[in-house]
Amino acid sequence: MNSSSQSLSTGRQGLKDWLIFIFLCITWGSSFILIKKGLIAFDGAEVAILRIGISAVVFVPIYALFVKERFPLNKLKYAALAGLLGNGIPAFLFATGQTHVESSVAGILNSLTPIFVWVIGLLFFATHFKITQLAGVIVGFVGAAAIVLLDHQFRLRLDSFTLLIVLATVCYGLSANIVKTYLQDVNATALSAMALFIIGIPCITYSFFTDIYTSVLTDHTARMSLLALIVLALVGTALANILFYRLIQKTSAVFASSVAYLIPVTALGWGLLDGEALALIHLVGMGLILVGVWLLRR
């Protein structure tokens with residue numbers, strides 16, 4: 001049995017898996033500041049449309065030229081679900097949420113992803129149950145609830161925009177389980193291309209009914225925001241998708257989604273460099289979420 005097959009069958013992580021893991025932590029941790037820069041000139045829906053549309057336009061031809069494997073048509077519905085839940089809906093939820101939520105806080109809440117991967121796996125995909133994992137889920141949800149329900153003075157309030165970001169992590173949890181369960185044997189590049197193609201067509205079509213192109217042609221600020229979104233689309237969406245799907249297939253959905261450990265660290269770093277201020281409640285919430293993820297991984 002070769003090393004890849006061994007990794008697939010045992011869930012062990014090799015050096016290549018860990019390098020991909022670190023790359024994804026840095027790349028996705030930088031996504032939130034790029035979304036923030038995109039929101040300078042575009043609204044939330046336009047940011048999402050550009051992110052998905054650029055990824056599809058650039059990535060699909062690459063697949064056509066370099067990947068000889070045909071996408072299995074009997075898996076098309078699962079690719080559509082993976083694309084919609086792993087890219088489409090979260091792109092709109094994050095962009096809309098970040099119109100009122102700091103990029104660093106969005107990065108912290110993104111750490112809920114492995115918790116929802118496990119919860120959804122337990123409820124719908126026959127994931128094995130351990131008491132320490134349940135404890136991790138509870139602790140993680142307490143941390144998230146603190147961020148969503150308490151303000152800077154620890155007073156009770158409900159922030160609907162942070163809830164949008166939490167909902168995005170639920171979508172990620174569904175997508176990861178779908179990929180691991182139904183798309184295990186599909187080429188990761190083919191899977192990424194098909195998923196982006198399916199959700200990219202309506203996004204590109206809708207873009208012609210917006211002011212995106214006029215803004216880019218006439219406004220320097222819009223061009224700078226577009227540059228941030230191009231980086232986000234090509235590196236943070238297209239390339240990262242291939243690597244993430246590959247990581248799920250070669251290891252496990254929970255290990256791959258554990259990039260959420262380091263994503264908030266990168267997001268916090270970018271946020272501080274950009275002048276964002278974090279409240280104590282955010283740090284407390286992040287600590288609880290990461291402890292929850294650690295218990296879950298045990």
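**A walk through the helices, core and ring pairs**

In helix α14, which spans residues 263-273, the buried residues are I263, P264, T266, A267, L268 and G271. The model described here is a predicted one. Just after α14, G275 takes a positive phi of about 85°.

Helix α14 packs against helix α2 (residues 15-29), and the axes of the two come within 8 Å, crossing at roughly 40°. That angle makes α2 oblique to α14, since the oblique class begins where the roughly parallel one, under 35 degrees, ends. The crossing in which α2 passes α14 is right-handed. On the α2 side the residues that meet α14 are C25, I26, W28 and G29, and on the α14 side they are I263, T266, A267 and W270. Of these, I263, T266 and A267 have already been named as buried residues of α14.

A second helix pair can be read in the same manner. Two packed helices are described by the angle between their axes and the distance between the axes. Helix α5 (residues 76-97) and helix α10 (residues 188-207) have axes that come within 8 Å and cross at roughly 60°. The two helices are therefore oblique to each other. From α5, the contact is made by L76, A79, A80, G83, L84, N87, G88 and F92. From α10, L191, M194, A195, L196, I198, I199 and C203 take part. As α5 passes α10, the crossing is right-handed.

Next comes the nonpolar core. In soluble globular proteins, nonpolar side chains tend to be buried together. The largest nonpolar core in this model has 89 residues. Which residues have the most contacts inside it? They are L24, F42, F71, L112, L183, L191 and Y245. Helix α12 (residues 220-250) supplies the largest share of this core, 13 residues. L191 was met above in the contact of α10 with α5. L24, leaving aside its neighbours within four places in sequence, is in contact with G29, A240, L243, F244, L247 and V259.

L247 also leads to a residue in the loop that follows α12. S252 is found between α12 and α13 (253-257). Leaving aside neighbours within four places in sequence, S252 is in contact with K180 and L247. Its C-alpha is 9.2 Å from that of A176, although S252 and A176 are 76 residues apart in sequence. S252 counts as partly exposed because its relative accessibility is 23%, and the class of buried residues ends at 20%.

V57, in helix α4 (residues 44-66), is another residue to locate. With 52% relative accessibility, V57 counts as exposed, because the cut-off for that class is over 50%. The C-alpha atoms of V57 and I20 are separated by 24 Å, and the two residues are 37 residues apart along the chain.

The last topic is the aromatic rings. How many aromatic pairs does a search of the whole structure find? The search finds 8. One of these pairs is F125 with Y182, an edge-to-face pair at 6.3 Å centre to centre with 65° between the planes. F125 lies in the loop between α7 (113-124) and α8 (131-149) and Y182 in helix α9 (residues 160-182), so the pair ties together parts that are 57 residues apart in sequence. Y182 is partly exposed, with a relative accessible area of 33%. Elsewhere, ring pairs link F32, F94 and Y172 into a cluster.

Key
Residues are numbered from 1 along each chain as its sequence is written. This is a predicted model: local features need pLDDT of at least 70, side-chain atom pairs count only at pLDDT 80 or more; totals for chains, interfaces and linings use all residues. Side-chain values use heavy atoms; hydrogens and water are left out. Rings of Phe, Tyr and Trp (its six-membered ring) pair if their centres lie within 6.5 Å; planes under 30 degrees apart count as stacked, over 60 as edge-to-face and the rest as tilted. Helices (H or I, at least four residues) and strands (E, at least two) are DSSP runs, numbered from the N terminus. Buried means under 20% relative accessible area, exposed over 50%, partly exposed in between (1.4 Å probe, protein chains only). A nonpolar core is a set of buried Ala, Val, Leu, Ile, Met, Phe, Trp, Tyr and Cys residues joined through side-chain atoms within 4.5 Å. Contact means heavy atoms within 4.5 Å. Axes are lines fitted to C-alpha atoms, for helices over the stretch in contact, and angles run from 0 to 180 degrees between N-to-C directions. Angles under 35 degrees count as roughly parallel, over 145 as roughly antiparallel, 65 to 115 as roughly perpendicular and the rest as oblique. A crossing is left-handed if the near helix is turned anticlockwise from the far one by less than a right angle, and right-handed if clockwise.
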